[in-house]
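Please read these notes with the structure open beside you. They are meant to be followed point by point.

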Amino acid sequence: MKKSVFVAVAAGLFLFGACGSPSANSNGDSGGGNSADSDTIKIGGNFELSGATAAYGEAEKEAVELAVEQINADGGILGKKVEFVSKDNKSDNNEAASVAANLTTKDNVVAVVGPATSGAVKATLPNLTKSKIPAVTPSGTDDAITVQGDNVQPYIFRACFQDSFQGVVLAKYAQDNMNAQKAVIFGDNASDYADGLTKAFKKTYKGEIVAEEKFTAGDKDYQAMLTKVKDKDFDVIFIPGYYTEAGLIIKQAREMGIDKPIIGADGFGDEKLVETAGASNVSNVYYTGHFSTEAPATDKVQPFIEAFNEKYGRQPSSFNALGYDAVYMIKQAIEDQGEATPAAITEGLANLKDFEGVTGKITMDDQHNPVKSAVVLGLTDGKESSAETVNP
């Protein structure tokens with residue numbers, strides 16, 4: 001039985017990385033897509049279109065293209081057509097920084113959507129700051145993305161909730177909804193995403209962590225790790241990771257006869273998790289999601305589902321929904337300010353209030369994190385089977 005559920009949340013992120021020399025046009029005063037009198041509004045896409053996390057970037061790019069098509073069909077923004085310039089960061093942080101430099105100094109975009117992953121988003125920060133071009137990451141959830149020390153990063157915003165929130169939600173879900181008194185954690189030993197989720201989970205979880213094992217991104221064989229915990233007394237496995245590794249861990253755990261509930265964060269939210277693990281193995285699996293077709297957050301959801309299905313022939317995922325919202329957040333910022341310059345968009349995003357997206361109603365907080373809704377999704381035989389309320 002499905003229950004639509006949502007949790008109010010403030011989300012946050014942090015960026016750092018590469019350098020790039022901005023052009024004279026990059027501050028929004030003159031030239032190309034940056035100028036107020038340009039014929040078009042040029043928005044960049046910095047996405048993982050190849051490499052290890054390509055499923056996320058491809059999903060977000062799909063939704064951006066749908067949003068741009070809709071906006072242009074409806075007359076554009078302030079009467080101007082939107083031009084979308086997309087580049088592949090190859091799931092590589094250094095490449096993401098280079099893409100940010102190219103988009104902001106050569107393509108003269110007024111705003112950027114992406115990257116999808118936290119590490120890649122961090123790597124773009126110096127170039128965004130130098131060029132004074134705002135960006136919205138659909139799914140970069142690392143808490144550190146929007147704040148360095150006590151300083152809010154002025155040019156980065158996000159459409160998603162943050163890792164600490166997900167870790168808190170999952171800890172509470174495990175202990176309150178599952179009555180899980182003992183937990184096992186399998187985490188990536190070099191991932192900011194995994195680290196942030198794990199810290200928040202451990203800080204909130206009131207039960208006992210009976211084992212914590214580390215793996216390396218790209219690993220294929222988890223038999224040794226699983227064998228270490230198989231005979232231990234535990235109630236739930238927490239995997240703070242992406243679908244690439246999580247799918248294999250789930251598959252191998254189930255094949256070894258480990259049938260305990262498995263919980264994870266939004267990195268589970270791609271169909272490739274089920275493809276990798278095998279649908280029959282993906283039962284009693286739960287994760288924090290930004291969007292559910294069965295638990296619509298706003299009235300915008302059903303029209304979005306219909307439009308996405310018409311264009312792509314399938315139901316949209318959380319990453320599709322987040323990419324879609326990111327574009328419309330930029331549109332709202334431009335309309336609120338009455339101007340499509342980087343400075344105006346930055347101001348509009350910082351003051352975004354009651355924006356009605358498909359992932360929830362969003363108001364931006366003073367640290368550039370959206371206050372919005374969330375849902376915990378359950379999977380049975382690889383299909384969504386529940387959506388339950390969890391209050392952080």
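The points below cover the annotated domain, two helices, two pockets and a cavity.

1. Status and annotation. The model is predicted. An unreviewed UniProt entry places the feature "domain: Leucine-binding protein" at residues 40-374. Over residues 40-374, helix makes up 43% of the chain and strand 20%. The C-alpha atoms at the two ends of that stretch are 35 Å apart.

2. Helix 11. This helix covers residues 342-350, and its buried residues are P342, A344, I345, T346, G348 and L349. What do the buried residues of helix 11 pack against? Their partners are four strands and a helix: strand 4 (111-113), strand 5 (135-137), strand 8 (156-158) and strand 15 (360-364), together with helix 10 (318-337).

3. A321 in helix 10. Helix 10 contains A321. Is A321 buried or exposed? A321 counts as buried because its relative accessibility is 0%, and the cut-off for buried is under 20%. Leaving aside residues up to four places away in sequence, A321 touches F291, F304, V358 and T359. S292 is 29 residues from A321 in sequence, and their C-alpha atoms are 9.2 Å apart in space.

4. The largest pocket. The space in the largest pocket is about 710 Å³. It is lined by 27 residues, and those closest to its centre are D270, E271, Q315, P316 and S317. At least two lining residues come from each of helix 1 (54-73), helix 8 (271-277), helix 10, strand 17 (375-380) and strand 18 (383-388). By class, the lining of the largest pocket has 10 nonpolar, eight polar and nine charged residues. Domain 1 (40-161 + 295-372) and domain 2 (164-289) each supply at least three residues to this lining.

5. The second largest pocket. The second largest pocket holds about 580 Å³ of space. Its lining consists of 29 residues, with T53, D188, S191, A217 and Y242 closest to the centre. Two or more lining residues come from each of helix 2 (93-105), helix 3 (118-131), helix 5 (192-204), helix 7 (243-255) and helix 8. Which element gives the most to the lining of the second largest pocket? Helix 3 does, with five residues. The lining divides into 10 nonpolar, 12 polar and seven charged residues.

6. Where the second largest pocket lies. Domain 1 (40-161 + 295-372) and domain 2 (164-289) both contribute to the lining of the second largest pocket, so this pocket lies between them.

7. The cavity. How many cavities of 30 Å³ or more does the structure hold? There is one. The largest cavity has about 60 Å³ of space. Its lining is made up of Y56, A116, T117, S118, S139, T141, Y193, Y242, D266, G267 and F319. These residues divide into five nonpolar, five polar and one charged.

8. Where the cavity lies. Why is the largest cavity placed between domain 1 (40-161 + 295-372) and domain 2 (164-289)? Both domains give residues to its lining, so the cavity lies between them. Y242 is one of the residues lining the cavity, and Y242 is also among the residues closest to the centre of the second largest pocket.

Terms used
Residues are numbered from 1 along each chain as its sequence is written. This is a predicted model: local features need pLDDT of at least 70, side-chain atom pairs count only at pLDDT 80 or more; totals for chains, interfaces and linings use all residues. Side-chain values use heavy atoms; hydrogens and water are left out. Buried means under 20% relative accessible area, exposed over 50%, partly exposed in between (1.4 Å probe, protein chains only). Contact means heavy atoms within 4.5 Å. UniProt positions are given in the numbering used here, feature names are shortened, and annotations may be inferred rather than shown by experiment. On a 1 Å grid over the protein atoms alone, a cavity is a set of points where a 1.4 Å probe fits but cannot get out, and a pocket is an open set with protein on both sides within 12 Å along at least five of seven lines; lining residues have an atom within 4 Å of a point. Grid points are joined across faces, edges and corners, and a volume is the space filled by probe spheres set on the points. Ala, Val, Leu, Ile, Met, Phe, Trp, Tyr, Cys and Pro count as nonpolar, Asp, Glu, Lys and Arg as charged, and the others, Gly among them, as polar. Domain bounds come from an automatic or database domain assignment.
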